[in-house]
Amino acid sequence: FSNYLIAAAKHFPEVTSLEVWNEPDISFWKSDDGYAIEYTALAKAAAVAAKEAGLEESIIGGVVSGCTPIADRHLKYMFEQGMGKYVDGFSFHPYIWQGNADVDGGYEKMLDMYDTKQDISGDWQEKYISEIGWPALKDSAIAEEKQGEYMLKAYILADYRGYEGTYYYNFFDVGTDEYSSEHVFGLVKAN
């Protein structure tokens, strides 16, 4: 993975930050504590290799999927193992489209949780929201207008709290099934 990270940085010189993997707290990492420890070792090794290769890009770790007990445990292990001394920052994906989707409710609580974790450790320097989005599902409470409203609020709130970047998932819909959440996260229709 370290070689991949370095090659990606050289291939895309306009990129200013690089994440180490994606959502290590979900199923393809098997979501148990041992994988949190393995991910931390991977992130440390990648960050060290990137710095030794002379990369100036920020190396971002964490990259957890949201505000779940598993994500919380993964972050705890990452902090306890000192990952913050190796990476330049962390990111997470505060999806809240199920249940309390309002930015003023669930989203702010997620930011509070991550900000508190950073304050406790003191290790992290940069914070990113590298995925956020609301699907405009047919017959759901999140119509396209709400999707746009939530996006704007999310960007403003993250900027106010000092996040280095917020990245919306996804600009274009990836499909046309209005009942499939993965098809309708986009701000622009697929057709």
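# Questions about a predicted model

Me: Let's start with Glu 23: is this residue buried or exposed?

Reply: In this predicted model, the relative accessibility of Glu 23 is 11%. A residue belongs to the buried class when its value is under 20%. Since 11% falls under that cut-off, Glu 23 counts as buried.

Me: What is the phi of Glu 23, roughly?

Reply: First find the residue: Glu 23 sits in the loop that links strand 1 to helix 2. Glu 23 is not a glycine, yet its phi is positive. The value is about 45°.

Me: Which strand holds Val 63, and what is its phi near?

Reply: Val 63 is a buried residue, with a relative accessibility of 0%. It belongs to strand 2. Val 63 is a residue other than glycine, but its phi is positive, near 50°.

Me: How many residues of strand 2 are buried?

Reply: Strand 2 covers residues 58-64. We just met one of its residues, Val 63, which is buried at 0% relative accessibility. The strand is mostly covered, and the count of buried residues is seven of seven.

Me: Which residue of strand 2 is the bridge partner of Leu 18?

Reply: Strand 1, residues 17-19, runs parallel to strand 2, and three bridges join them. One of the pairings involves Leu 18. Its bridge partner in strand 2 is Ile 59.

Me: And on to strand 3: which residue there is the bridge partner of Ile 60?

Reply: Strand 2 also pairs with strand 3, residues 89-92, in the parallel sense. Four bridges connect this pair. For Ile 60, the partner in strand 3 is Gly 89.

Me: What is the handedness of the β-α-β crossover from strand 2 to strand 3?

Reply: Follow the chain out of strand 2 and it passes through helix 3, residues 69-80. From there it enters strand 3. This β-α-β crossover is right-handed.

Me: While we are in helix 3, how far apart are the C-alpha atoms of His 74 and Asp 25?

Reply: His 74 is part of helix 3, and it is buried, with 0% relative accessible area. Along the chain, 49 residues separate His 74 from Asp 25. In space, their C-alpha atoms are separated by 6.5 Å.

Me: In what order do the elements of the protein run from the N terminus?

Reply: Let's list the pieces: the protein has five helices and five strands. Now read them along the chain from the N terminus. The order is α-β-α-β-α-β-α-β-α-β.

Me: Which element gives the largest share of the largest nonpolar core?

Reply: This core has 39 residues, and those touching the most other members include Ile 59, Phe 92 and Trp 134. Elements that give two or more residues include helix 1, strand 2 and helix 5. The largest share, six residues, comes from helix 2.

Me: Which residue of strand 4 (126-132) is among those that touch the most other members of the core?

Reply: Strand 4 is among the elements that give two or more residues to this core. The residues touching the most other members include Tyr 107, Tyr 114 and Ile 129. Strand 4 spans 126-132, so the number to look for lies in that range, and the residue is Ile 129.

Me: Which residue has a backbone oxygen 3.1 Å from a polar side-chain atom of Gln 147?

Reply: Gln 147 is in helix 5, residues 144-160, and at 3% relative accessibility it is buried. Beyond its neighbours up to four places away in sequence, Gln 147 touches residues including Trp 134, Tyr 168 and Leu 187. The backbone oxygen at 3.1 Å belongs to Phe 185.

Me: What is the relative accessible area of Thr 166?

Reply: Thr 166 lies in strand 5, residues 165-168. Leaving out residues up to four places away, it touches Ile 129, Ile 132, Tyr 155 and Ala 158. Thr 166 is buried, and its relative accessible area is 11%.

Me: Is the peptide bond from Tyr 169 to Asn 170 cis or trans?

Reply: Asn 170 is in the segment after strand 5. The bond joining Tyr 169 to Asn 170 has an omega near 25°. This bond is cis.

Me: Which element has the lowest mean pLDDT?

Reply: Across the protein, pLDDT averages 85, and 88% of the residues score at least 70. Helix 1 has the highest mean among the elements, 94. The lowest mean, 74, belongs to helix 4.

Technical notes: Residues numbered from 1 in each chain as written. Predicted model: local features only at pLDDT ≥ 70, side-chain atom pairs only at ≥ 80, totals over all residues. Heavy atoms only, no water. Buried < 20%, exposed > 50% of the residue type's maximum accessible area, 1.4 Å probe, protein only. Pairing = 2+ DSSP bridges. Right-handed = clockwise from strand over helix to strand, strands pointing away. Polar contact = N/O pair within 3.5 Å; in protein donor to acceptor, adjacent residues only side chain to side chain. Contact = heavy atoms within 4.5 Å. pLDDT = per-residue confidence, 0-100. Core = buried A, V, L, I, M, F, W, Y, C linked by side-chain atoms within 4.5 Å.
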